[in-house]
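Here is a short tour of one protein chain for anyone new to reading structures. Take a moment to look it over, then follow the notes below.

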Amino acid sequence: MFSIVSFGIVLVVVSFFYLLVCIDDRNAGCLSTLKKIMTTHLPIAIRAGGKRICGERAVGLVDRIINYICFEANPIVQLIYFACAFGGFYIYVFYGFKHVPNEYLDSYHKVIGTIIMLACYYCYFMACWVSPGHVLKDTHKEQMRRFKFDNILFNKKNNCKTCELEKPARSKHCSMCNVCVEKFDHHCIWLNNCVGLHNYKWFLAFILLHFIITTYGFVVGIYIFKGIIDDKKLIGAQFRNNVTGEIMTADWHFIL
Ligand SMILES: [Zn+2]
Ligand SMILES: [Zn+2]
């Protein structure tokens with residue numbers, strides 16, 4: 001029963017994001033209509049209902065909060081990263097390390113895992129902290145010379161309407177940070193920072209190291225579980241169902 005409910009929840013969440021990201025609501029068809037209802041008509045109806053029930057001030061406050069979370073630079077997703085990265089490592093150290101070494105893992109895995117995790121934190125910190133290369137009045141001349149204009153995507157005499165400076169080749173204005181950024185790649189909500197000329201290498205190292213630590217942690221985690229299952233001789237152990245009184249012999253499916 002529980003697994004059917006979980007599957008249903010996952011299905012609804014995946015469908016919701018599929019509609020939100022992949023469907024173009026300008027097209028005809030039932031999925032486009034569903035997206036239009038979800039993203040246009042429903043928010044209007046909720047806002048109108050909210051105004052009637054809670055008043056205009058309350059709705060304005062909710063608008064400001066949504067605007068801050070979705071469209072302004074803020075540290076909320078950074079806090080989610082801290083919770084996952086530090087919480088995950090805490091669980092690993094306090095619940096996983098005591099089972100290493102075991103039949104499958106040598107004790108040096110504790111050192112390797114810790115070093116990679118610390119490298120992850122360091123690259124993350126640097127990617128957040130290093131300025132991506134803001135286009136500023138003081139450094140503008142030098143920044144204009146850095147990359148050649150290709151006269152296709154990047155043309156000379158193209159001023160940023162907000163910064164009021166001529167845009168250097170390969171730069172772009174970030175609406176979240178409200179500044180033009182050299183060699184702009186994207187604004188990363190995980191970093192609460194743009195990825196650009198000066199922090200690009202830290203961003204790539206951050207991605208690569210997190211790929212390594214998640215893969216490595218997954219494999220080590222499996223061997224820790226396997227060690228526990230072997231130690232406690234769980235495969236083949238007999239359990240009594242307290243409700244039915246039935247005696248069951250554990251297999252892999254039972255344990256997982
Ligand atoms: Zn700008
Ligand atoms: Zn930005």
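## Loops, helices and domains

Asparagine 178 is exposed, having 11 other C-beta atoms within 10 Å. A residue is called exposed if 12 or fewer other C-beta atoms lie within 10 Å of its own, buried if 20 or more do, and partly exposed in between, with C-beta atoms placed from the backbone. This is a predicted model, in which local features need pLDDT of at least 70 and side-chain atom pairs count only at pLDDT 80 or more, while totals for chains, interfaces and linings use all residues. Residues are numbered from 1 along each chain as its sequence is written, and chains are lettered from A and ligands numbered from 1 in the order in which they are written.

Asparagine 178 sits in the loop between strand 1 and strand 2 (179-181). Helices (H or I, at least four residues) and strands (E, at least two) are DSSP runs, numbered from the N terminus. The table lists some residues with a positive phi.

| Residue | Phi | Place |
|---|---|---|
| Asparagine 178 | near 60 degrees | loop between strand 1 and strand 2 |
| Glutamate 164 | about 60 degrees | loop between helix 6 and strand 1 |
| Lysine 233 | about 50 degrees | just after helix 7 |

Glutamate 164 also counts as exposed, because it has 8 C-beta neighbours inside 10 Å. Another loop, between helix 4 and helix 5, holds proline 101. A cis peptide bond, with omega about 5 degrees, links valine 100 to proline 101.

Now for the helices. Helix 7 (residues 200-231) has 32 residues and reaches 46 Å from its first C-alpha to its last, close to the expected 46 Å; the expected span is 1.5 Å times one less than the number of residues. Its buried residues are Trp202, Phe203, Phe206 and Ile224. They pack against helix 4 (76-96), helix 5 (108-129), strand 3 (186-188) and strand 4 (193-195). Is helix 4 itself largely buried or in the open? Of its 21 residues, the number buried is one, so helix 4 lies largely in the open.

Helix 2 (residues 30-54) and helix 3 (residues 56-71) pack at about 135 degrees, with axes 7 Å apart. Axes are lines fitted to C-alpha atoms, for helices over the stretch in contact, and angles run from 0 to 180 degrees between N-to-C directions.

Finally, the chain is divided into domain 1 (1-71) and domain 2 (74-132 + 184-256), with bounds from an automatic or database domain assignment. Their centres, taken over C-alpha atoms, are 32 Å apart.

Key
Two residues are in contact if their C-beta atoms, placed from the backbone, lie within 7 Å.
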